[in-house]
Amino acid sequence: MKRIWMLTIGLLVFFSVSFMVAEQAGWLTADATDAWLREAMQTRAGLSLAVLIIAGLLVGDIILPVPSSVVMLGAGRILGTGVGTLVTFAAAMLAALIGYGICYWLQD
């Protein structure tokens, strides 16, 4: 039980500090996120990079409170309905499996 509390406190501190830094830098606005994704789509590996960014945000929702519904809507807007649906479904399932694995590993 002590391991769970230590992990919880450590993650809380880490992500709270990360959130405060990102907020102060202006990285968490909707305009900034949209600009990142649109810029990524204009590179050679744009689709792959956009998919990785979207999947990373959804998987990161395990620990950091990312508004997943907004990310999923953005994925549909940026990637299109079909690809956006596939990417968000796969990322949500991966997040669920990782969350399950963490809980299984930490059980007493």
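Is cysteine 103 buried or exposed? Cysteine 103 is exposed, with a relative accessible area of 55%. That figure, like every other one here, comes from a predicted model.

**The overall fold**

Let's start with the whole chain. The protein chain has 5 helices and 0 strands, and reading along the sequence gives the pattern α-α-α-α-α. The C-alpha trace spans about 45 × 30 × 25 Å along its principal axes. Of the 108 residues in the chain, 20% count as buried.

**Three residues to look at**

Cysteine 103 sits in helix H5. Its C-alpha lies 21 Å from that of phenylalanine 89, and the two residues are 14 apart in sequence.

Tryptophan 5 is found in helix H1. With a relative accessibility of 53%, tryptophan 5 counts as exposed, because the cut-off for that class is over 50%. A separation of 39 Å lies between the C-alpha atoms of tryptophan 5 and valine 83, which are 78 residues apart along the chain.

Valine 21 also belongs to helix H1. Here the relative accessible area is 47%, so valine 21 is classed as partly exposed, a class that runs between the limits for buried, under 20%, and exposed, over 50%.

**A nonpolar patch on the surface**

Tryptophan 5 and valine 21 meet again in a nonpolar surface patch of about 1000 Å². Their partners in this patch are Ile9, Val13, Val17, Phe19, Met20, Trp27, Leu28 and Trp36. Which helix gives the most to the patch? That is helix H1, residues 2–25, with 7 residues.

**Two pockets**

Now to the pockets. The largest pocket has a volume of about 750 Å³. Its lining is made by 25 residues, and those nearest its centre are Leu28, Thr33, Leu57, Val66 and Val71. Four elements give two or more residues to this lining: H1, helix H2 (30–41), helix H3 (46–60) and helix H4 (68–79). Leu28, already named as a member of the nonpolar patch, is thus also one of the residues nearest the centre of the largest pocket.

The second largest pocket has a volume of about 330 Å³. It is lined by 16 residues, with Leu7, Thr8, Leu11, Ile62 and Ile63 closest to its centre. At least two residues of this lining come from H1, and at least two from helix H5 (81–106). Which element provides the largest share? H1 does, with 8 residues of the lining.

The table sets out the make-up of each lining by class.

| Pocket | Nonpolar | Polar | Charged |
|---|---|---|---|
| Largest pocket | 18 residues | 4 residues | 3 residues |
| Second largest pocket | 13 residues | 3 residues | no residues |

The charged column is a good place to pause: the lining of the largest pocket has 3 charged residues, while that of the second largest pocket has none.

**Following helix H1**

Helix H1 is a handy thread through this model. It holds tryptophan 5 and valine 21, and it gives the most to the nonpolar patch. H1 is also among the elements with two or more residues in the lining of the largest pocket, and the largest share of the second pocket's lining comes from it as well.

How values were computed. Residues numbered from 1 in each chain as written. Predicted model: local features only at pLDDT ≥ 70, side-chain atom pairs only at ≥ 80, totals over all residues. Heavy atoms only, no water. Patch = residues over 30% accessible without salt bridge, like charges linked within 9 Å, V, L, I, M, F, W, Y side chains within 5 Å. Areas by Shrake-Rupley, 256 points an atom, 1.4 Å probe, with all protein chains shown as cover. Salt bridge = Lys/Arg side-chain N within 4 Å of Asp/Glu carboxyl O. Buried < 20%, exposed > 50% of the residue type's maximum accessible area, 1.4 Å probe, protein only. 1 Å grid on protein atoms, 1.4 Å probe; cavity = no way out; pocket = protein on both sides within 12 Å on 5 of 7 lines; lining within 4 Å. Points joined across faces, edges and corners; volume = space filled by probe spheres on them. Nonpolar A, V, L, I, M, F, W, Y, C, P; charged D, E, K, R; others polar.
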